[in-house]
Amino acid sequence: MARTKTTLIDPDVQLLQALGHPTRLAIVRELVGTSQVCACDFTSCCDVGQPTVSHHLRILRDAGVIESERRGTSIFYRLVPAAADRLRELAGEMGGAPQLIPAGALRRSAPDARPASGARPD
């Protein structure tokens with residue numbers, strides 16, 4: 001049977017694949033500890049051109065690692081807290097800790113579909 005682009009990918013695999021490229025890892029490292037970074041600022045940290053940065057930003061956004069906000073002609077990026085939490089949990093699982101945050105927590109959901117504060121996702 002032929003594989004199609006619509007084949008579902010485990011969110012953990014998508015997260016790790018997104019972080020597995022030097023340029024994407026440099027982008028994430030640039031975002032750590034900041035509230036947001038303009039897309040134009042990534043070319044200096046990554047030593048690549050703007051089209052390449054845009055490509056890697058799209059991969060990170062599709063994997064749920066970052067989110068963006070357009071302001072006028074500029075686009076600002078920030079880390080998605082759930083992605084950082086999931087990465088910490090994956091590292092803990094590899095060390096023998098129980099799974100606390102399900103992989104499904106990284107899936108994008110409608111804004112109205114978020115659980116009430118204090119409620120744990122299934």
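What covers the buried residues of α4? In this predicted model, the cover includes three helices, α1 (11–19), α2 (22–31) and α3 (42–46), along with the strands β2 (66–71) and β3 (74–79).

Helix α4 spans residues 50–62, 13 residues in total. From first C-alpha to last it reaches 18 Å, close to the 18 Å expected at 1.5 Å a residue. Its buried residues are V53, H56, L57 and L60. These four lie on the same side of α4, because they cover an arc of only 105° around the axis. Just after the helix, G64 takes a positive phi of about 80°.

Two of the buried residues, L57 and L60, are also listed with F42 and V65 as having the most contacts inside the largest nonpolar core, which has 21 residues. Elements that give two or more residues to this core are α1, α2, α3, α4 and α5 (81–94). The largest share, four residues, comes from α2. Leaving aside neighbours within four places in sequence, L57 is in contact with I27, A39, F42, I66 and Y77.

The strands form an open sheet of three, in the order β1-β3-β2, with antiparallel pairing. The edge strands, β1 and β2, each pair on one side only. β1 and β3 are joined over two bridges, and C38 has F76 in β3 as its bridge partner. Against this sheet packs α4, which touches β2 and β3 and runs at about 120° to the direction of β2.

| Element | Residues |
|---|---|
| α1 | 11–19 |
| α2 | 22–31 |
| α3 | 42–46 |
| α4 | 50–62 |
| α5 | 81–94 |

Notes
Residues are numbered from 1 along each chain as its sequence is written. This is a predicted model: local features need pLDDT of at least 70, side-chain atom pairs count only at pLDDT 80 or more; totals for chains, interfaces and linings use all residues. Side-chain values use heavy atoms; hydrogens and water are left out. The expected span of a helix is 1.5 Å times one less than its number of residues. Buried means under 20% relative accessible area, exposed over 50%, partly exposed in between (1.4 Å probe, protein chains only). The arc is that of the directions from the helix axis to the C-beta atoms. Contact means heavy atoms within 4.5 Å. A nonpolar core is a set of buried Ala, Val, Leu, Ile, Met, Phe, Trp, Tyr and Cys residues joined through side-chain atoms within 4.5 Å. Two strands pair if DSSP finds at least two bridges between them. Axes are lines fitted to C-alpha atoms, for helices over the stretch in contact, and angles run from 0 to 180 degrees between N-to-C directions.
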